[in-house]
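This report describes the packing, the pockets and several single residues of one protein chain. Please keep the sequence and the structure in view while reading.

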Amino acid sequence: MLILLPPSEGKTPPSRGRPVDLDSLTRPHLHEARSRALEALAHVSSAPDAVHRLGVGASLSEEVARNTALTSAPAGPAARVYTGVLYEAAGLARLTGTARRRATSSVRIVSALWGVLSPADRIPAYRLSMTVSLPGIGGLAPFWARAFGERITDADPGVVIDCRSGPYIPAWRPPSDMAWLTVRVVQETDGVRRVVSHHAKHTRGVLTRHLLTRKDAPPRTGRAVLRAAEELVGTALSEASLTPATTGPDVLELVVRSDGAH
C-alpha cells in the first residue's frame with residue numbers, strides 16, 4: 001500500500017538539529033526542483049508584501065519570515081514537524097517497531113515545498129501552500145507533477161490510499177494501471193450525509209494509524225482496504241463503503257459516528 005497524506009498547516013519548528021540535507025530526502029533526484037522552490041520561496045518571503053503573496057494573514061508574518069533561512073534552520077523528522085489534526089490522529093511520531101518501518105516505506109507526504117517526503121525525512125518548519133504561485137516556477141502543483149514523472153515510489157504499492165486535500169491531488173496522479181482510491185469522510189445527521197472538515201482530517205488520520213498498526217499484512221487492493229476500514233466500524237466509524245469509479249479514483253466513504261466517539 002501507499003498512503004498519500006497532505007502536509008499540515010500546523011507545524012512545530014525543531015528547536016535544535018542539523019539543517020535539512022536535500023540529498024538525504026526521499027526521491028533525491030528532486031534535489032534541483034527542491035532547490036528552486038527553496039530559493040523562490042525565500043525571495044518571495046523577503047518581500048514587503050510577502051504575507052499577501054503567500055495568501056496568509058498578518059498574524060503569520062513570523063512564520064513567513066522564517067522562510068528566508070530554511071537551509072540553515074534546525075530540521076527534524078516530518079512526522080514531528082507536521083502537527084495538525086490529521087497528524088495528531090495518525091500519531092506517526094509515536095510509532096515503533098514494525099508500524100514505524102511500515103510508515104517509513106508506505107507513507108508519503110506530498111508537499112508544496114519539498115515535493116514528496118517520508119515521515120522520517122528531516123525538514124525545518126515552513127509556510128507554503130500548494131495554491132501559491134512562485135516566481136520562476138509558477139503553479140506548484142504542475143511544477144511538482146513535471147518533476148515527479150509517473151511514479152513517486154519505486155516499489156509497486158498495489159493500492160494507493162489517497163488522503164490528500166484537493167489542491168495537492170494534481171501534483172501527482174497514480175498511473176492508470178495502479179489501483180487508486182480517495183478517502184471521503186462524512187457525518188450523517190437525520191439521514192443527510194455531509195463532509196465536516198475537522199472530522200475528515202481526524203478520521204483520515206485514524207485510518208492511517210489503523211493501516212500502519214494492524215497485525216495483518218498491508219492491503220494491496222481496494223477491497224482489502226475496505227475490509228481494513230470496516231474493522232473500525234463500531235468505534236471510530238458507523239459505516240464504510242467502496243464505490244468504483246469509471247475514471248479517476250474509487251471512493252472509500254467513511255461515515256463517522258454521530259455520537260462523536262473516536
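In this predicted model, the axes of helices α6 and α8 come within 8 Å and cross at roughly 115°. On the side of α6, the residues that take part in the contact are Ala99, Arg102 and Ala103, and they meet Leu211, Leu212 and Thr213 of α8. Sorted by class, the contact of α6 with α8 has four nonpolar residues, one polar residue and one charged residue.

**The nonpolar core**

Nonpolar side chains tend to be buried together in soluble globular proteins. The largest nonpolar core of this model has 85 residues. Those with the most contacts inside this core are Trp114, Leu128, Leu140, Trp144, Ile161 and Leu252. Helix α1, residues 31-45, provides the largest share of the core, namely six residues.

Two of these core residues can be followed in more detail. Leaving aside neighbours within four places in sequence, isoleucine 161 is in contact with Met1, Leu2, Ile3 and Leu4, and also with Leu181, Val183, Leu207, Leu211 and Val225. Leucine 252 belongs to strand β12. Is leucine 252 buried or exposed? Its relative accessibility is 0%, and leucine 252 therefore counts as buried. When neighbours within four places in sequence are left aside, the contacts of leucine 252 include Leu181, Val183, Leu207 and Val225, and these four residues are also among the contacts of isoleucine 161. Other partners of leucine 252 are Thr182, Arg184, Leu226, Ala229, Ser241 and Leu242. By contrast, the C-alpha atoms of leucine 252 and glycine 138 are separated by 33 Å, with their positions 114 residues apart along the chain.

Helix α9, residues 222-230, has Gly222, Ala224, Val225, Leu226, Ala228 and Ala229 as its buried residues. Against which elements do the buried residues of α9 pack? They pack against the strands β8 (159-162), β9 (179-189), β11 (237-243) and β12 (250-256), and against helix α8.

**Two pockets**

The largest pocket holds about 610 Å³ of space. Its lining consists of 27 residues, and those closest to the centre are Pro7, Ser8, Glu9, Ser165 and Lys201. The elements that give two or more residues to this lining are α5 (85-90) and α8 (197-213). Helix α8 contributes the largest share, four residues.

The second largest pocket has a volume of about 190 Å³. Its lining includes Pro77, Ala79, Arg80, Leu92, Ala93 and Leu95, together with Arg100, Ala103, Thr104, Pro119 and Ala120. Helices α4 (78-81) and α6 (97-106) each supply at least two residues of the lining, and α6 gives the most, with three residues. Ala103 thus appears both in this lining and in the contact of α6 with α8.

The table sets out the classes of the lining residues.

| Pocket | Nonpolar | Polar | Charged |
|---|---|---|---|
| Largest pocket | 14 residues | eight residues | five residues |
| Second largest pocket | eight residues | one residue | two residues |

Threonine 104, one of the residues that line the second largest pocket, lies in helix α6. Threonine 104 counts as partly exposed because its relative accessibility is 34%, a value between the limits of 20% and 50%. Not counting residues up to four places away in sequence, threonine 104 touches Ser118, Pro119 and Ala120. The C-alpha atoms of threonine 104 and leucine 92, twelve residues apart along the chain, are 9.4 Å apart.

**Residues in loops**

Most residues other than glycine have a negative phi. Arginine 27, however, has a positive phi near 55°, and aspartate 190 has a positive phi of about 55°. Arginine 27 is found in the loop between β1 (2-5) and α1, whereas aspartate 190 lies in the loop between β9 and β10 (192-194). Which of the terms buried and exposed applies to arginine 27? Arginine 27 is buried, because its relative accessible area is 16%. Aspartate 190 is exposed, because its relative accessible area is 77%.

A further loop residue is glycine 91, which lies between α5 and α6. With a relative accessibility of 2%, glycine 91 counts as buried. Glycine 91 and valine 116 are 25 residues apart in sequence, and their C-alpha atoms are 19 Å apart in space.

Notes
Residues are numbered from 1 along each chain as its sequence is written. This is a predicted model: local features need pLDDT of at least 70, side-chain atom pairs count only at pLDDT 80 or more; totals for chains, interfaces and linings use all residues. Side-chain values use heavy atoms; hydrogens and water are left out. On a 1 Å grid over the protein atoms alone, a cavity is a set of points where a 1.4 Å probe fits but cannot get out, and a pocket is an open set with protein on both sides within 12 Å along at least five of seven lines; lining residues have an atom within 4 Å of a point. Grid points are joined across faces, edges and corners, and a volume is the space filled by probe spheres set on the points. Ala, Val, Leu, Ile, Met, Phe, Trp, Tyr, Cys and Pro count as nonpolar, Asp, Glu, Lys and Arg as charged, and the others, Gly among them, as polar. A nonpolar core is a set of buried Ala, Val, Leu, Ile, Met, Phe, Trp, Tyr and Cys residues joined through side-chain atoms within 4.5 Å. Buried means under 20% relative accessible area, exposed over 50%, partly exposed in between (1.4 Å probe, protein chains only). Contact means heavy atoms within 4.5 Å. Axes are lines fitted to C-alpha atoms, for helices over the stretch in contact, and angles run from 0 to 180 degrees between N-to-C directions.
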